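Trainee: Please give me a close look at a single part, the pairing of charged side chains, and then lead on from there to the residues that deserve a comparison.

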Amino acid sequence: MSNPLLDTSSLPRFADIAPEHVVPALEHLIATQRSKLVDLLATATEPDFDSLVAPLEDMEHELSRVWSPVSHLQGVLGSREWRDAYNEALPILTEYGTELSQNAHLQQAYASVDSALPDDAPEARRSAVAQALRDFRLAGVDLPDEDKSRFKEIMQTLAATQADFDHNIQDASDAWTLHFDQIENLAGLPAQTLERAAAEAARCDRDGWLLTLDFPTYHAVMTHADNRSLRETLYHAWVTRASDQSANVQWDNSGNIDKILALRHEAANLVGFQNYAGYSLATKMAETPDQVVDFLRELAAHSRAAAAAELDELRELGGMAIEPWDLGYCLEKLKQEKFSLSNEALRQYFPVATVIDGLFDLASNLYGVTFKRDDSVITWHDDARFYSVRDSSGDEIGGFYTDLFARSGKRTGAWVDDCINRKNLNGHATLPVGYLVCNFAPPDETGRSLLTHDDVVTVFHEFGHMLHHLLTRIDYPSIAGINGVPWDAVELPSQFMENFAWSFEVLERCSGHAKTGEPLPRDLFGRLEDSRHAGAALAMMRQIELALFDIRLHAEYQPSVDMSVLQILDEVRAEVSLLQHPGYNRLPHGFSHIFAGGYAAGYYSYKWAEVLAADAYAAFEEAGIFDAETAQRFRHEILEIGGSRDFMQAYVDFRGRKPEIDALLRQSGIVAE
Ligand SMILES: [Zn+2]
């Protein structure tokens with residue numbers, strides 16, 4: 001095979017894969033799969049799991065193997081050629097995906113497999129079939145023709161309206177600037193923010209500093225600017241973006257919000273749900289909108305008093321009433337005065353190599369797995385490494401690449417993605433391989449890269465996702481590792497790992513001063529730990545406010561009632577917000593997560609998974625954080641199962657009971673330890 005992307009006999013051939021291979025590889029593979037599918041459906045008169053589902057799983061696996069390096073390389077290399085290739089290929093892939101999800105014959109074949117499954121069929125087989133059938137239903141494949149075409153139309157309009165929602169925010173933000181001649185007005189801002197503002201002014205042929213409305217600038221001003229009216233100005237600009245309250249109403253998202261809510265409701269009704277919240281929860285661990293509302297209200301009831309006390313402390317410190325544009329600033333001042341924590345001093349203890357070694361030690365300690373760097377594996381960049389992973393028995397169980405440092409063109413943030421999913425079908429097996437990508441400060445001239453504690457938490461988080469991907473025992477790729485796991489449980493393994501980055505025993509092993517090699521001192525750790533709780537209850541209430549607004553909005557929508565989005569927001573704020581929001585605040589108009597992203601009727605997932613993660617970690621604290629038996633149980637009941645089991649039942653099997661919120665409240669300093 002001359003196209004290296006189609007060579008899936010081993011790891012991706014990163015040295016040979018080039019952007020021009022993408023479209024031909026995809027077109028070839030999809031054409032082959034289309035004819036395979038026709039043959040499969042034609043010959044399968046009485047399809048069973050092995051004759052229908054296994055080959056389809058195999059096809060999905062092959063497609064994801066070919067696509068994975070493409071999506072990865074456009075993210076980590078970010079060259080124009082890779083982006084163009086990716087953008088050209090994405091619609092081809094999307095169209096094929098839609099074609100499969102809309103294939104009624106395929107759905108009927110799955111339904112026959114389902115009814116033919118023997119009573120003693122393994123749970124994983126049942127789940128793979130059940131999830132496929134569920135997804136067919138959610139895609140509207142079994143609707144009468146008229147409804148089916150309406151459903152498709154809604155989905156297309158929704159996609160366009162959601163994109164427009166995002167573009168409005170982007171355009172409204174881009175159009176906003178604020179110019180300064182006098183640096184005194186910008187007192188308190190970090191050097192990095194000032195440099196960017198000066199460069200922005202120069203770019204526009206002006207002197208001085210030009211502030212823009214991107215998130216890093218907004219966040220820096222809200223956290224550090226001493227000038228209170230500057231903070232208020234930025235706050236006003238931020239919370240009125242793309243709304244009727246902005247000076248530029250051409251980007252007003254009000255119409256988009258109404259349209260998106262109406263379309264979602266109609267689509268949900270078409271496929272048999274009372275509202276969009278029900279539709280969204282069909283793929284999640286939470287069962288009903290009421291359950292989510294109760295969950296959020298319970299968290300709020302426990303956190304309110306602590307949040308009020310935090311606000312009082314800030315009021316005292318600032319000597320004034322706290323307005324929304326004072327919160328971040330006063331909190332930062334409190335942290336500096338109370339804990340005298342210097343990020344710079346902390347960083348000296350966390351050279352990246354020491355942190356990674358400590359992290360590998362921790363995983364070995366918990367699960368008996370070992371990691372070996374393998375420099376013979378060809379990667380896409382000098383910064384990238386490959387590690388092979390073995391079980392305590394010495395058997396290889398998978399591998400992963402790391403690419404830890406920021407560089408130009410690379411997508412920002414940190415993430416884990418699959419390169420190869422675990423598979424064991426009809427005698428053919430592959431081991432899981434993943435990518436772990438971060439954007440840490442690159443090594444200095446001496447070759448040393450030092451991490452902040454936030455960075456340490458980030459790499460622990462991502463490593464949690466990686467272990468979830470690597471430790472799976474599921475044979476069917478669609479439900480192996482992270483695949484097929486309910487959305488509100490996906491962050492359990494990652495947030496669970498974060499907890500270890502707040503343990504002195506672990507940090508001691510993950511640290512070594514850049515000059516002296518001395519591990520993190522106990523008193524510095526103590527201050528770090530105290531600072532973890534600063535503002536935690538206020539942050540909790542803020543997340544509850546957003547989540548409650550989101551779930552109520554999607555559960556209570558009624559087409560015949562002229563419902564005001566802002567009215568629901570007011571009710572939610574009256575219930576859970578401790579700060580008074582000004583009348584011009586238009587939170588919904590900039591709330592991309594729920595109106596443009598994938599978090600519609602799902603924003604609660606952040607808190608939901610956090611509760612699970614804290615409660616799971618508490619089991620380790622109760623038994624000793626390196627307790628082998630607890631770790632084994634967590635591995636077996638949670639990390640190995642992929643999407644093969646009912647997740648709540650799996651959690652109960654691990655914990656011996658349903659999750660409780662107490663551990664998260666303790667961890668956030670909201671109730672006493
Ligand atoms: Zn995550």
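Mentor: Glu-266 counts as partly exposed at 29% relative accessibility, a class that lies between buried (under 20% relative accessible area) and exposed (over 50%), judged with a 1.4 Å probe and protein chains only. The areas themselves come from the Shrake-Rupley method with a 1.4 Å probe, and for residues only the protein chains shown count as cover. What you have here is a predicted model, in which local features need pLDDT of at least 70 and side-chain atom pairs count only at pLDDT 80 or more, while totals for chains, interfaces and linings use all residues. Residues are numbered from 1 along each chain as its sequence is written, and side-chain values use heavy atoms, with hydrogens and water left out.

The partner of Glu-266 is Arg-150, which is partly exposed at 28% relative accessibility. Their side chains meet in a salt bridge, with 2.7 Å from N to O. This pair links distant parts of the chain, since Glu-266 belongs to helix H10 (residues 254-270) and Arg-150 to helix H6 (residues 145-174), 116 residues apart. A salt bridge here means a side-chain nitrogen of Lys or Arg within 4 Å of a carboxyl oxygen of Asp or Glu, and helices are DSSP runs (H or I, at least four residues), numbered from the N terminus.

A search of the whole structure finds 37 salt bridges. One of them joins Glu-99 to Arg-34, with the closest N and O atoms 2.8 Å apart. Here, too, distant parts of the chain are linked, Glu-99 lying in helix H3 and Arg-34 in helix H1 (residues 22-43), 65 residues apart. Glu-99 is partly exposed at 33% relative accessibility, and Arg-34 is partly exposed at 34%.

The bridge between Arg-527 and Asp-523, at 3.3 Å from N to O, has another setting. Because these two residues stand four residues apart in helix H19 (residues 522-532), about one helical turn separates them. Arg-527 is partly exposed, with 26% relative accessibility. Elsewhere, salt bridges that share partners join Asp-615, Glu-622, Arg-655, Arg-657 and Glu-660 into one network.

Charge also gathers without pairing. Glu-27, Glu-81, Asp-84 and Glu-88 form a patch of negative charge on the surface, where a patch takes residues with over 30% relative accessible area and no salt bridge, like charges being joined within 9 Å. Helix H3 (residues 80-101) gives the largest share of this patch, three residues. Asp-84 sits in helix H3 and is partly exposed, with a relative accessible area of 39%.

For contrast, Arg-231, in helix H9 (residues 228-239), counts as buried at 1% relative accessibility. Neighbours within four places in sequence aside, Arg-231 is in contact with Val-221, Met-222, Ala-225, Asp-226, Met-320, Trp-325, Asp-326 and Tyr-329, where contact means heavy atoms within 4.5 Å.

A buried residue outside the helices completes the comparison: Pro-477 lies in the loop between helix H16 (453-470) and helix H17 (492-498) and is buried at 3% relative accessibility. Its C-alpha atom is separated by 6.5 Å from that of Glu-57, although the two positions lie 420 residues apart along the chain. Not counting residues up to four places away in sequence, Pro-477 touches Glu-57, His-61, Asn-421, Arg-422, Lys-423, Leu-425 and Asn-483.

Definitions and conventions
Patches are made of residues with over 30% relative accessible area and no salt bridge: like charges are joined within 9 Å, nonpolar side chains (Val, Leu, Ile, Met, Phe, Trp, Tyr) within 5 Å. Lys and Arg count as positive and Asp and Glu as negative; His and the chain ends are not counted. The place of a charge is taken as NZ of Lys, CZ of Arg, CG of Asp or CD of Glu.
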